[in-house]
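This report describes the fold of one protein chain. Look at the overall shape first, then at the sheets, and last at a pocket.

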Amino acid sequence: MSSQRTIYTSNSKPWIAIAGEVHNSTSSSAAYMEKVWNYAQELGMNTLLLPVSWELIEPVEGRFDFQLVDKLIFQARNHQMKIIFLWFGTWKNAQCMYVPEWIKKDLERFPRAQVEKGKNKIVLGDFYGMSYTTLSYLGSETNKADAKAFAELMKHIRRVDEKEGTVIGVQVENETGLQGAAREHSDLADAAFEDNVPPGLVDFLKTNIATMESPLKEAIDHGANAGTWNEVFGKMAEEAFSAYYIARYVEQVAAAGKAVYNLPLTVNCWLDKGEEAGKYPSGGPVAKVMEIWKFAAPSIDAFAPDIYVPSFHEVCEQYMKLDNPLVIPETAIHSYAAPRLVYSIGHYHCACFSPFGFEDMGKPFNAMQGVLFGMDVSDPLLKQPQDTSEYGWCGKALHSMMDLLVSKYGTSDLQAVISEKIGMASVDLTKVTDSSTEDNIGGEMMIFGNIGFRAIMNLPLIQRKDGVCMIIKESEETFYILVNGCMLAMFSADPQNPNLDILSLEEGAFVNGKWTAERRLNGDEVASLMFNNYTLLKLKVFTYV
């Protein structure tokens, strides 16, 4: 699949961001960040996602202060890590809390969104009674000011970092959208909503109808080819309207930044979770309106889901349409964080995997934060914290394999399975040898040409239920395997040579990009390939008549 690629580079080489996003306020202090960098390294992270807020870099209009940005960049270099900055501009969690005071105070020049006619602030009755205000996505002066500030930030990053390349990408805004209604209801918004849909949008959507989710697809199938938002989009009109104007707003910001420094730019989103637009931020780049965003915001390189729901894998698959590279800027820090890290790289070939608030990894989850900002706190996996030593092992192992991994991205030479999905995929038992054909043990297949593997994760002898297995084919007979909570069975998929034997099996690690064997495994350890702890292996096999 062509979207299975990374958008990031380091020293002109592809880079997988084995990342973590800090809490919102952590990066507002370089002194506070010192201990955070150290902890990130313990967790095997090679990249941090760090907020940069508009209010701190432009406290007075036209006067910019990048001292904090510089300190963060220098800290990253000292720790041999990369940064993806998060631009907290007009939007942060669909609100305007990070804009400067001079923006907040001037409601005439920088209008608020009227969720209800004539009101600049409301109470979200269906969202825990939270007070809510945000800037209008139709505010042209706000858009210009945001774009100017973002361009100045990008210009500064280029000036201090283009040669070193510490900053590898930037996220533009954070969880854009409007809560409380599907669209704004000011007089300006009403007039724009009654106007015709912009030329080219409908044609683009009809060209990309095969990728659409049902609400938008049905609207395009049954709506007019031109006309007002209601005439073209029907029931989807208000959310489509918001999506177009928010995407256009973000495009102006992104394009201004990209014009001065061409780094990869992303936008993230608060998932809709099947709810009504306005309960989640309407107009944000959720999967069902991604085609609208793709049309209106061409400067964006990836649309990125913040995933806090049990249906992690379904969300990943939704965001790989339209040749969209998979970037996961936020996800939960529960006990599936480590296996999902391995699986996201091994199966989805993701560009970035980043647990949010990783400073708290290993601690009990704070449900109140999740309730307020869109996490699915009913997820039972949130009850068990991630083992930090295991996460660190996974992160370090994957980073050590960077060159090998990126060389296999977008190919079938890199595959993975995870216990969460065992049983979801069909298994052709006729292709498995007699030693692994029992119907009642479950499992999932990985086929590499003439060699096949079956990962079995629901045996009583497997003590843990968070299994994962990633396999890299180096050559026709050589494979690297990262495995945990799993029993492996190998077989020949070549009918001309139906027998398979192991030539060698080593346990070890990559050191400076080269494999280093620590133990040669044989005897009992080869007869029963069962793993209840994270292990990295090098396997050589051959097939014969």
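The sections below go from the whole chain to its parts.

## Overall shape

The model is predicted. Its protein chain contains 17 helices and 23 strands. The radius of gyration of the chain is 25 Å, close to the 24 Å that the globule rule gives for 545 residues, so the chain is as compact as a globular protein of that length. Along the principal axes, the C-alpha atoms fill a box of roughly 80 × 55 × 40 Å.

## The sheet of nine strands

Strands of a sheet pair through backbone hydrogen bonds, and the pairing is either parallel or antiparallel. One open sheet here has nine strands with parallel pairing, in the order β11-β13-β3-β4-β5-β8-β9-β10-β12. At its edges stand β11 (327-328) and β12 (330-331); each has a single partner strand, so one side of each is left without a neighbour in the sheet.

The partner of β12 is β10, residues 302-307, and two bridges join this pair in the parallel sense. Within the pairing, Asp306 has Glu330 of β12 as its bridge partner.

A helix also lies on this part of the structure: α1 (residues 30-42) lies across β4 (47-53) and β5 (82-92). The angle between α1 and β4 is about 155 degrees.

## The sheet of four strands

A further open sheet consists of four strands with antiparallel pairing, ordered β15-β16-β19-β22. Its edge strands, β15 (444-448) and β22 (530-531), each pair on one side only.

Strand β15 runs antiparallel to β16 (residues 451-456), and five bridges join the two. Here Glu444 stands opposite Ala455 in β16.

## The second largest pocket

Rolling a probe the size of a water molecule over the atoms shows where empty space is left. The second largest pocket holds about 310 Å³ of space. It is lined by 13 residues, of which Lys13, Trp15, His399, Met402 and Asp403 are the closest to its centre. Three elements give two or more residues to the lining: β2 (13-15), α15 (388-400) and α16 (402-408).

What classes of residue make up the lining of this pocket? Five are nonpolar, six are polar and two are charged.

Methods. Residues numbered from 1 in each chain as written. Predicted model: local features only at pLDDT ≥ 70, side-chain atom pairs only at ≥ 80, totals over all residues. Heavy atoms only, no water. 1 Å grid on protein atoms, 1.4 Å probe; cavity = no way out; pocket = protein on both sides within 12 Å on 5 of 7 lines; lining within 4 Å. Points joined across faces, edges and corners; volume = space filled by probe spheres on them. Nonpolar A, V, L, I, M, F, W, Y, C, P; charged D, E, K, R; others polar. Pairing = 2+ DSSP bridges. Contact = heavy atoms within 4.5 Å. Axes fitted to C-alpha atoms, helices over the stretch in contact; angles between N-to-C directions. Rg over C-alpha atoms; globule rule 2.2 N^0.38 Å.
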